[in-house]
Amino acid sequence: MFGGGYEGVRKDSLEEIERKTISLQYTLLIIGVLSTLIALANFSVCIWIRFDLDFWEWIVEIGWYSYWNATYVVMVAMLLTALNSGLMSYSAMTESRGLLLTSMILRVLIWIVTLAGAVVICLYGVEESSMLVDELDEVFLGLISRWDDDPRASRVMRMIQEYVGCCGAKNNRDDYYNMRKVVPPECRHPVTGNNYGWGCGQTVAYWLEPWTSCLAGISLFFTATDFLVMYFNMKLRRYLAELDA
């Protein structure tokens, strides 16, 4: 009699575990699909930044590749995130504890890469980064110094000043005066005629921020939610082990 009662309790317990297992399987499937789509969307933004024709020309002409290099880290992180999310969904639906463990280990490694990508893209893509602004100021000062001797340098400097609305480097039009250059008309607002009040280093850094906020925001979203996903993974593995016992 007691043995039959135990078996009944055991059966109810297994049924409850099975319901929780199915619920977690579909939860991880949905999370995996959404994570894959979001990661691929962020990856696509990186591709757009890399191959945007206007930005491409600026980068090549001024010889400044730091922002591109920062996006490469984010691209790798997003591609790995998409692939691992697919692996997690597959392992959850096939009830493979080994693949779930593999996905968890990979998630820890990808978390490090994703966080590194968010940090690097912020260092080279926000106005508040003195590292970025100082680097851009050096680049633009070099272009101004070659203004009279290098038509390509003056051409790209004119393009950037007109497009983003800036003048010179850190010291604005004084950079032209200090190097005994004529202040170009692109340093003035086309409607008011007033000289732009910001140097190009600061302005280009500000201009990059919308791209940076998208890349860094999604990367940080993954680093924050990965802890919850890891928790779900561990619970599912435990339930599967109990069902196999």
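## A helix, two disulfides and two cavities

Helix H4, which covers residues 97–123, has 27 residues and reaches 39 Å from its first C-alpha to its last, close to the 39 Å expected at 1.5 Å a residue, where the expected span is 1.5 Å times one less than the number of residues. Helices here are DSSP runs (H or I, at least four residues), numbered from the N terminus. The model is predicted, so local features need pLDDT of at least 70 and side-chain atom pairs count only at pLDDT 80 or more, while totals for chains, interfaces and linings use all residues. Residues are numbered from 1 along each chain as its sequence is written, and side-chain values use heavy atoms, with hydrogens and water left out.

Several residues of H4 are buried, among them Leu100, Met104, Arg107, Ile110 and Thr114; buried means under 20% relative accessible area, exposed over 50%, and partly exposed in between, with a 1.4 Å probe and protein chains only. What covers the buried residues of H4 includes helix H3 (66–93) and H8, contact being heavy atoms within 4.5 Å.

Those three helices return around an internal space. A cavity is a set of points, on a 1 Å grid over the protein atoms alone, where a 1.4 Å probe fits but cannot get out, and its lining residues have an atom within 4 Å of a point. Grid points are joined across faces, edges and corners, and a volume is the space filled by probe spheres set on the points. The count comes to two cavities of 30 Å³ or more, and the largest has a volume of about 50 Å³. H3, H4 and H8 each supply at least two residues of the lining of this largest cavity, which includes Arg107, Ile110 and Thr114 as well as Phe222 and Asp226. By class, that lining divides into two nonpolar, four polar and two charged residues, where Ala, Val, Leu, Ile, Met, Phe, Trp, Tyr, Cys and Pro count as nonpolar, Asp, Glu, Lys and Arg as charged, and the others, Gly among them, as polar.

The second largest cavity holds about 40 Å³ of space, and its lining has nine nonpolar, no polar and no charged residues. Helix H2 (53–62) and helix H5 (130–145) each supply at least two of these lining residues, and H2 gives the most, with four. Among the residues that line this second largest cavity are Phe55, Trp58, Leu136, Phe140 and Val204.

The cysteines add covalent links. Counting a disulfide as a pair of cysteine sulfur atoms within 2.5 Å, the model has two disulfides. One joins cysteine 166 to cysteine 200, with 2.1 Å from S to S. Cysteine 166 lies in the loop between helix H6 (151–164) and helix H7 (174–178) and cysteine 200 in helix H8 (residues 200–244), so the pair ties together parts that are 34 residues apart in sequence. Both cysteine 166 and cysteine 200 are buried.

The other disulfide joins cysteine 167 to cysteine 187, with 2.2 Å from S to S. Because cysteine 167 lies in the loop between H6 and H7 and cysteine 187 in the loop between H7 and H8, this pair ties together parts that are 20 residues apart in sequence. The torsion about the S-S bond of cysteine 167 and cysteine 187 is about 85°, so this disulfide is right-handed. With the bonded cysteines numbered in sequence order, the pairing is 1-4, 2-3.

Cysteine 122 has its closest cysteine sulfur, in cysteine 214, at 12 Å, too far for a bond. Cysteine 214 is also in no disulfide, the nearest cysteine sulfur, that of cysteine 46, being 8.2 Å away.

Note on methods
1 Å grid on protein atoms, 1.4 Å probe; cavity = no way out; pocket = protein on both sides within 12 Å on 5 of 7 lines; lining within 4 Å.
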